[in-house]
Amino acid sequence: MDYTERLRELAGRCGIGASYRGWDDVEHSVSDATLRAILEARGIAATDEDDVARSLDDLDTAPWRRMLPPVLVTIAGTAARVEVHVPHGDPLSVHLVTETGVRVELEQLGVWVDPREVDGTLVGRATFEIPAEIPAGWHTVTAASDPGNGEVTTSQCPLAVTPERSTANDAITDRQRYGLLAQLYSLRSNRSWGVGDYADLADTASIAGRLHGFDYLLVNPLHAGRPNPPVEASPYLPSTRRFFDPMYIRVEDIEETAYLSPEKYAKVRRSASEFTKANKRIRRIDRDPSFRAKLGALERVHRVERSASRQAAFESFCEREGSGLEDFALWCALAEKHGPNSKIWRDSAAHPRTDHATAQRTKLADRIHFHMWLQWICDEQLSRAQRAALDSGMDIGVVHDLAVGVHRHGADAWTLGDALTSGVTVGAPPDNFNQQGQNWNQPPWNPDRLRELGYTPYRDMLRTVLRHAGGVRVDHILGLFRLWWIPEGATSAADGAYVTYDHEALIGILILEAERAGAVVVGEDLGVFEPLVQEYLGGRGLFGTSILWFENDEGTPIPPEDYRRLCLTSVTTHDLPPTAGYLRGEHIAFRSRLGLLERDLDEETARDTAAREAVLDLARHRGLLADDASEQETIEALHRLVRLSPSVLIGVALVDAVGENRIQNQPGTDETQYENWKVPLADDKKKAVWVDDLVDHPRLVSLVEALRTRA
């Protein structure tokens, strides 16, 4: 067997695909160079045949070198096994302690496996059973061996027992529910500071639920970006996925703001008033001036003495978030001081535990405290938004969006260390959405290291996102099954490979944490995927995603009655133009101008027009759309069409509800090509739409009425 064959064997053993079937239904081979680069990014030597041979041997031997595996993830109601390794013949006992303190002795099964010599010691394997009745939760397994020589050996590992299905999802399958899909930064009011904020979120949820009968409000990711301007516009390229963006704080809603001196309060109000004109602009959202002004005001409010109860609440928040919050705040303070490109990130502050970083914890204590306080304020205002949503009559409330990854030079990349993989980035191979492939410039989870850490970073991230959420949309949930890894320096995004993850563990922990939060889970499962994905998600009660324009079978639109039931179905998504723009074919012309098409423009236009007309014909067939329908009537008819689906959740893009036609994001472009994620909400008359306008906006009211009308 030559090097290439052995390399492909090693890659396969490590869950790295040596080939993949693309959107064109053709099998593509992955190069040796790509496989080698991905293996080495994971710390697996593969330079030559000797390296590959040693790495294959290490894969076989690694489990035998440890007493217990690093983590166990099981499903409640199903017995599971745990393999324990000790010197052959040594006595062994294994027990678990549940998170409530109940001790359970585990029974050894009669499974014989021949002992193996490992590093000069004959090692045996014993198999124990984890009973099916262990409840869902985070527990601890302990193994102990006492050979009688006074040297007792023990080992522990976390045990995550996950619910078989999402009960929060199952609880809302009794009827169809409707929700608004919105980009918070674009949703302003006359009280905003040029950018939509958490108070606007609360007000929008209240209006949507109380006046229009919506059951949920799905917003863009609210993860934190840089701690000071200039900030990244894309909510899908955050600094961290665990903590929230202070840019969205409503300064006036902080309790201590009322206790500023008259002079300082006047400064806050003057800062707010500077954005009166910005709130009316419809060309672009400019985050930097807003965030800069807010930070100045927030610094003043932070210095106000808190009452005893407020201080206790803040301290309780800090204790709950622990070292993760402290490390994040330290990164913020250092990033403010040195900027993102300083060489300190490569040497003296390469990670949170260097001597320099440790010393800065004292020197920058005040600034660290400020950034911890900002997260507490975010937590409070998000809690208020979810309460407003539920008080308005919504069944679900605010649904958060979990981005697929983080910035390569952000807080998570710094604080989580090798839990994220350096030397590679995440993206997507060429597909019909972007025929040149995509590179999202985000470091992926390292599946090996994440497992070694007991999935703790992943769990902690989920807990924060879900704390004040009625639900969560997991962007590119396919990434919990496999991700497209692209080695740094690759010629194009096509020069990558799929890397698989333990989806049973990742999905299971997602369900467990959502269960504890009482939150619904929606997976964005669009794109190229294996049939296993939707089957598995549905089997565990999770909702998928359907977009009207993408639901077709070899070019023929699928009747809405045949859509999935466990699904969030909508007419459009933020990566497409609003329906008004899509009906005009603006996405094809736009992609052509940017050079993103692989086919001839005329051919692409003809294909797209035929596909759109086929969907419109489906609506006409059902008596939903007249031949001479206006643009607004056509949009309403398409929403009535998706309403005919059995999908549990129906989503209405807010841009469709007010007549906006500009796309929020064109995948595969940067800020020099298009104002991605900077488009303020406006209507068909080119007028800014504020939160208060949603009370009786004519197009929104008409669309809601159309949804309520039976075909």
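**A colleague's note on the domain 1 and domain 3 contact**

1. A good place to start is Arg42, which forms a salt bridge with Asp448, with 2.9 Å between the closest N and O atoms. Please keep in mind while reading that this is a predicted model. Asp448 sits in helix H12 (residues 447-452), while Arg42 belongs to the loop between H2 and helix H3 (49-61). The two residues are 406 apart along the chain, and the pair links distant parts of it. Side chains of opposite charge can pair when their charged atoms come close.

2. Now for the layout around that pair. The domain assignment divides the protein chain into domain 1 (3-63), domain 2 (77-162) and domain 3 (168-708). Taken over C-alpha atoms, the centres of domain 1 and domain 3 are 34 Å apart. Where these two domains touch, domain 1 contributes 13 residues and domain 3 contributes 23 residues.

3. How much area do domain 1 and domain 3 bury between them? The figure is about 1,400 Å², and 66% of it falls on carbon and sulfur atoms. On the domain 1 side, Tyr20, Trp23 and Arg42 provide 50% of the area buried against domain 3, more than any other three residues. Arg42 therefore appears twice in this note, as one of those three residues and as the partner of Asp448 in the salt bridge. The size of an interface is often given as the accessible area lost when the parts come together.

4. The polar side of this interface can be listed briefly. Between domain 1 and domain 3 the count is 1 salt bridge, and 3 residue pairs are in polar contact across the interface. For the structure as a whole, the salt bridge count comes to 55.

5. Which elements give two or more residues to the side of domain 1 that touches domain 3? They are strand E1 (19-21) and helix H2 (32-41). H2 gives the largest share, with 4 residues. By residue class, this side of domain 1 has 8 nonpolar, 3 polar and 2 charged residues.

6. Turning to aromatic rings, a search of the whole structure finds 13 aromatic pairs. One of them is Phe243 with Phe328, a stacked pair with 4.9 Å centre to centre and 25° between the planes. Phe243 is in the loop between strand E13 (216-219) and helix H6 (262-273), and Phe328 is in helix H8 (residues 308-338), so their pairing ties together parts that lie 85 residues apart in sequence.

7. Two backbone details deserve a look while you have the model open. The peptide bond from Pro229 to Pro230 is cis, with omega near 0°, and Pro230 lies in the loop between E13 and H6. That loop also holds Phe243. The other detail is Asp119, which is not a glycine yet has a positive phi of about 55°. You will find Asp119 in the loop between strand E8 (116-118) and strand E9 (121-130). Most residues other than glycine have a negative phi, and most peptide bonds are trans.

Definitions and conventions:
Residues are numbered from 1 along each chain as its sequence is written. This is a predicted model: local features need pLDDT of at least 70, side-chain atom pairs count only at pLDDT 80 or more; totals for chains, interfaces and linings use all residues. Side-chain values use heavy atoms; hydrogens and water are left out. Domain bounds come from an automatic or database domain assignment. Contact means heavy atoms within 4.5 Å. Buried area is the accessible area (1.4 Å probe) that two parts lose on being put together, summed over both. A salt bridge is a side-chain nitrogen of Lys or Arg within 4 Å of a carboxyl oxygen of Asp or Glu. A polar contact is a pair of N or O atoms within 3.5 Å; within protein, one must be able to donate a hydrogen and the other to accept it, and residues adjacent in sequence count only if both atoms are side-chain atoms. Ala, Val, Leu, Ile, Met, Phe, Trp, Tyr, Cys and Pro count as nonpolar, Asp, Glu, Lys and Arg as charged, and the others, Gly among them, as polar. Rings of Phe, Tyr and Trp (its six-membered ring) pair if their centres lie within 6.5 Å; planes under 30 degrees apart count as stacked, over 60 as edge-to-face and the rest as tilted.
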